[in-house]
Amino acid sequence: MDVSCVITADTRFGRCSYPAKLCEAMACGVPVVATRVGGVPTVVEDGVTGVLVDPGDFLSAADEVHRLLIDPERRLAMSGAARVRAAGQFGVEDALAERQMHAARLILRRQTHEKVVSAGRGERD
């Protein structure tokens, strides 16, 4: 993913402290274009880790996504800054690792279940 875009026209969205999707994208080194509402400006450092636009300004959001996509140097700079900020301030690396472990457990559980079902039918791997 080159750019993550999280925007809203509704300022009530800002009542949550800050969206997890922004932190996750930044932890993966993905610069974000987000709406300047609620706690979002505490997550996204405008012009450094991503770009903030006004609520409901979808044209500006689209323009900023386009600008990031056509400017790899700017995108790369924001990508590195986003990863550093997320790792240093939001502790998302641990959260991402936990999600990966949870996904791995689900996959293993499903594979084990499928083997049991296959064995019950007399099928072989």
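In which helix is A82 found? In this predicted model, A82 is found in helix α4, and with a relative accessibility of 0% it counts as buried. Although A82 and A27 are 55 residues apart along the chain, their C-alpha atoms are separated by 6.7 Å. When residues up to four places away in sequence are not counted, A82 touches M26, V30 and T49.

The surroundings of A82 lead to the nonpolar interior of the model. In soluble globular proteins, nonpolar side chains tend to be buried together. Here the largest nonpolar core has 16 residues, of which L22, M26, V32, A34, V40, V43 and V44 touch the most other members. At least two residues of this core are supplied by each of α1 (20-27), β2 (32-35), α2 (40-43) and α4 (72-90), and the largest share, five residues, comes from α1. The contacts of V32, again not counting residues up to four places away in sequence, are with S4, L22, A25, M26, V44, T49, G50 and V51. A second, separate core comprises eight residues, including V51, V53, V65 and M78.

The strands are described next, beginning with β2. Both faces of β2 are covered, since V32 and A34 on one side and V33 and T35 on the other are all buried. Strand β1 (residues 4-6) pairs with β2 in the parallel sense over three bridges, and V6 stands opposite A34 in that pairing. The pairing of β2 with β3 is likewise in the parallel sense, over four bridges; in this case V33 stands opposite V51, while A34 stands opposite L52. In strand β3 itself (residues 50-53), G50 and L52 point one way and V51 and V53 the other way, and all of these residues are buried.

Helix α3 presents a buried side and a face turned away from that side. The helix has 13 residues and reaches 18 Å from its first C-alpha to its last, close to the 18 Å expected at 1.5 Å a residue. Within α3, the residues A61, E64, V65 and L68 are buried; because they cover an arc of only 100° around the axis, they lie on the same side of α3. An α-helix has 3.6 residues a turn, so residues three or four places apart point the same way. On the face of α3 turned away from its buried side are the exposed residues L59 and I70.

Side chains of opposite charge can pair when their charged atoms come close. In the model the count comes to five salt bridges. Two of the pairs involve E64 of helix α3, and they are taken in turn. In one pair, E64 forms a salt bridge with R67, with the closest N and O atoms 3.2 Å apart. Both E64 and R67 lie in helix α3 (residues 58-70), three residues apart, about one turn of the helix. With a relative accessible area of 14%, E64 is buried, whereas R67, at 37%, is partly exposed. In the other pair, E64 forms a salt bridge with R74, for which the closest N and O atoms are 3.7 Å apart. This pair links distant parts of the chain, with E64 in helix α3 and R74 in helix α4, ten residues apart. R74 is partly exposed, its relative accessible area being 22%. Elsewhere, salt bridges that share partners join R36, D46 and D54 into one network.

A further salt bridge returns the description to helix α4. The side chains of R85 and E45 meet in a salt bridge with an N to O distance of 4.0 Å. The two residues are 40 residues apart and link distant parts of the chain, with R85 in helix α4 and E45 in the loop between α2 and β3. R85 is buried, because its relative accessible area of 17% is under 20%, whereas E45, with a relative accessible area of 36%, is partly exposed.

How values were computed
Residues numbered from 1 in each chain as written. Predicted model: local features only at pLDDT ≥ 70, side-chain atom pairs only at ≥ 80, totals over all residues. Heavy atoms only, no water. Core = buried A, V, L, I, M, F, W, Y, C linked by side-chain atoms within 4.5 Å. Buried < 20%, exposed > 50% of the residue type's maximum accessible area, 1.4 Å probe, protein only. Contact = heavy atoms within 4.5 Å. Pairing = 2+ DSSP bridges. Expected span 1.5 Å × (residues − 1). Arc of directions from axis to C-beta.
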